[in-house]
Every structure is written in C-alpha cells, then in structure tokens.
Amino acid sequence: MKKYLAEMIGTMVLVLMGCGSAVFAGVSQPFEAVGTLGVAIAFGLSVVAMAYTIGKISGCHINPAITLGMFLSKRISGSEAGKYMMFQTMGAIVGSGILYVLTKDGNSFTTLTGANGYTDVIPAFLAETIFTFIFILVVLGSTSKGGIGEMAGLVIGLTLILVHIVCIPITGTSVNPARSIGPALFQGGEVLSQLWLFIIAPFLGAGIAAFVWNGIDTEI
C-alpha cells in the first residue's frame, strides 16, 4: 500500500506543480508569465523532485503510460499495474481539486487542463503518440539493468522538459493519461469530450515503446 500511496502523492505533486505553472502563467502578477519554457521546466522538475523522493518506494512512475510500459516489459505484474494506475489517477484528481480551489474565483481556470486542447485530431493524436513513445523509451532504457542508475530521475525529468518544449504548441502536452483525466473532470465541456485522445494516444505510444525496447534491449 505504501508504494501506491507514494504514486498518488507523486502524481498529485506533478499535476499541482506542472498544471499549476500553466494555470498561473497568464495571471496578472508582479512577475512575467513563465511561458512555454517555464511550464516545460515545471513539469520536468516535478518529475525530478518526485523521482528522488518516492523513487525508492514505488519507482516513481506517476504516469499510467510509464506503468503500462513497465508492465509490457515484464517489470511489474498486471495487478500492480492496475493499482498503480488507479492511485495515479486519484492523485491527479486531488492535485486538480487543489488547483480548482485556488483558481475558481479567477480567470485562469480555463487553462487548468493544459494538455487538453487541439483543433486537428490527426496531428494531435500523432504528437501525443510519438512524444509518449520517446518519453517512455527513455524511461525504460534509463531504468533498465545496466542503465544509468541514480541519474535516471534527472534524465527522465530533462526528457520530459524537452518533450513539452516541442509538443506544447501542438496539444499543450500530456503524454500522461492521469495528468489529463484529473483536470478534465473539473474543466468539463469540450475538454472532457477531447479526453479520449489524451488517454488512448499515450497508451499507444507506451505500448510501442515497450515493444521496441524489448526488441533492442541486450539484457533481455
């Protein structure tokens, strides 16, 4: 149970910090808006922070797509994967709820979902699939036997920053179903109707990444 609770807390922090940076980026304040780069860095740093906080407890997936990749690579069981995903989604909902309370009286709530927004479904689906593939491939490689060990958390966080820098203009970047589900439940409307893409595409990308990694990993 401790590792599932760790995943819930870690995902809550990811949503609170990452989506929070997007929510408040455009709010009138005595500082310049953080912009695309700032949001990307916020997501990446959230992963780094949690990796070195809960990594020893749960492995710090904080992303159902990562959990799927780990399951398909036979690093965790199906039962564990299901519970990981459930608690990750719960954490995302808690983080989104906190943001909702902080923004419900302001004008920034429309940016709460961050990832849920596109005008052309095909480029959006391809982007979420491809960038999730790249991200999960890095996760699987850096955490594998003979990988980079304690540096994995930093490398994964930096990769997430890179993914956000490129993908934010296309979809806002999700590559994480839980990170999209939580905010969408509070946003509702069109955002909720688009949620399917931010669940299916990341899972597809994760599945492809696991297939590719299982094919090229010399330790298997």
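What is the accessible surface of the chain, and what percentage of it belongs to carbon and sulfur atoms? In this predicted model, the accessible surface comes to about 10,100 Å², and 70% of that area belongs to carbon and sulfur atoms. The secondary structure consists of nine helices and zero strands. Buried residues account for 50% of the 220 residues in the chain. The points below are grouped by topic.

**Overall architecture**

- Followed along the sequence, the chain has the pattern α-α-α-α-α-α-α-α-α, in keeping with its zero strands.
- Of the contacts between residues at least 6 apart in sequence, 79% join residues that are at least 24 apart.
- One pair separated along the chain is L45 and L14, which are 31 residues apart in sequence and 8.9 Å apart in space, C-alpha to C-alpha.
- L45 belongs to helix α2, which covers residues 35-58. With a relative accessible area of 52%, L45 is exposed, the cut-off for this class being over 50%.

**Salt bridge between α1 and α4**

- A search of the whole structure finds one salt bridge. It is formed by K3 and E80, whose closest N and O atoms are 2.5 Å apart.
- K3 lies in helix α1 (residues 2-24) and E80 in helix α4 (residues 78-103), so this pair ties together parts that are 77 residues apart in sequence.
- Side chains of opposite charge can pair when their charged atoms come close.
- Both partners fall in the intermediate accessibility class: K3 is partly exposed at 25% relative accessibility, and E80 is partly exposed at 23%.

**Helix α5: geometry and cover**

- Helix α5 runs over residues 121-142 and has 22 residues. At 1.5 Å a residue, it should span 32 Å, and its end C-alpha atoms are 31 Å apart, which agrees.
- The buried residues of α5 include A124, A127, E128, T129, F131 and T132. Further along the helix, F135, I136, V139, L140, G141 and S142 are also buried.
- The cover over these buried residues includes α3 (64-72), α6 (152-171) and α9 (195-216).

**Nonpolar surface patch**

- A nonpolar surface patch of about 620 Å² is made by V121, I122, L126, I130, I134, W196 and I200.
- Helices α5 and α9 each supply at least two residues of this patch, and α5 gives the largest share, with five residues.
- Helix α5 therefore has two aspects in this model: it contributes to the nonpolar patch, and it holds buried residues such as F131 and F135, the class of buried residues being those under 20% relative accessible area.
- L126, one of the patch residues, is located in helix α5. At 46% relative accessibility, L126 counts as partly exposed.

**Helix α3: a mostly covered segment**

- How many of the nine residues of α3 are buried? Seven of them are, and the helix is mostly covered.
- The buried residues in α3 are P64, A65, I66, T67, L68, G69 and M70.
- These residues pack against α4, α5, α7 (177-187) and α9. The link with α5 also appears from the other side, since α3 is among the elements covering the buried residues of α5.

**Cysteines**

- The structure contains zero disulfides according to a search of the whole model.
- C60 is buried, with a relative accessible area of 10%.
- C167 is likewise buried, at 0% relative accessibility.

**Positive phi values in loops**

- Most residues other than glycine have a negative phi. Two residues with positive values are described here, K74 and T173.
- K74, which is not a glycine, has a phi near 60 degrees. K74 sits in the loop between α3 and α4.
- T173 has a positive phi of about 75 degrees, although T173 is not a glycine. T173 is found in the loop between α6 and α7.
- Are these two loop residues buried or exposed? K74 counts as exposed at 77% relative accessibility, whereas T173 counts as buried at 0%.

Conventions
Residues numbered from 1 in each chain as written. Predicted model: local features only at pLDDT ≥ 70, side-chain atom pairs only at ≥ 80, totals over all residues. Heavy atoms only, no water. Salt bridge = Lys/Arg side-chain N within 4 Å of Asp/Glu carboxyl O. Helix = DSSP H or I, 4+ residues; strand = E, 2+ residues; numbered from the N terminus. Buried < 20%, exposed > 50% of the residue type's maximum accessible area, 1.4 Å probe, protein only. Contact = heavy atoms within 4.5 Å. Areas by Shrake-Rupley, 256 points an atom, 1.4 Å probe, with all protein chains shown as cover. Expected span 1.5 Å × (residues − 1). Patch = residues over 30% accessible without salt bridge, like charges linked within 9 Å, V, L, I, M, F, W, Y side chains within 5 Å. Disulfide = S-S within 2.5 Å.
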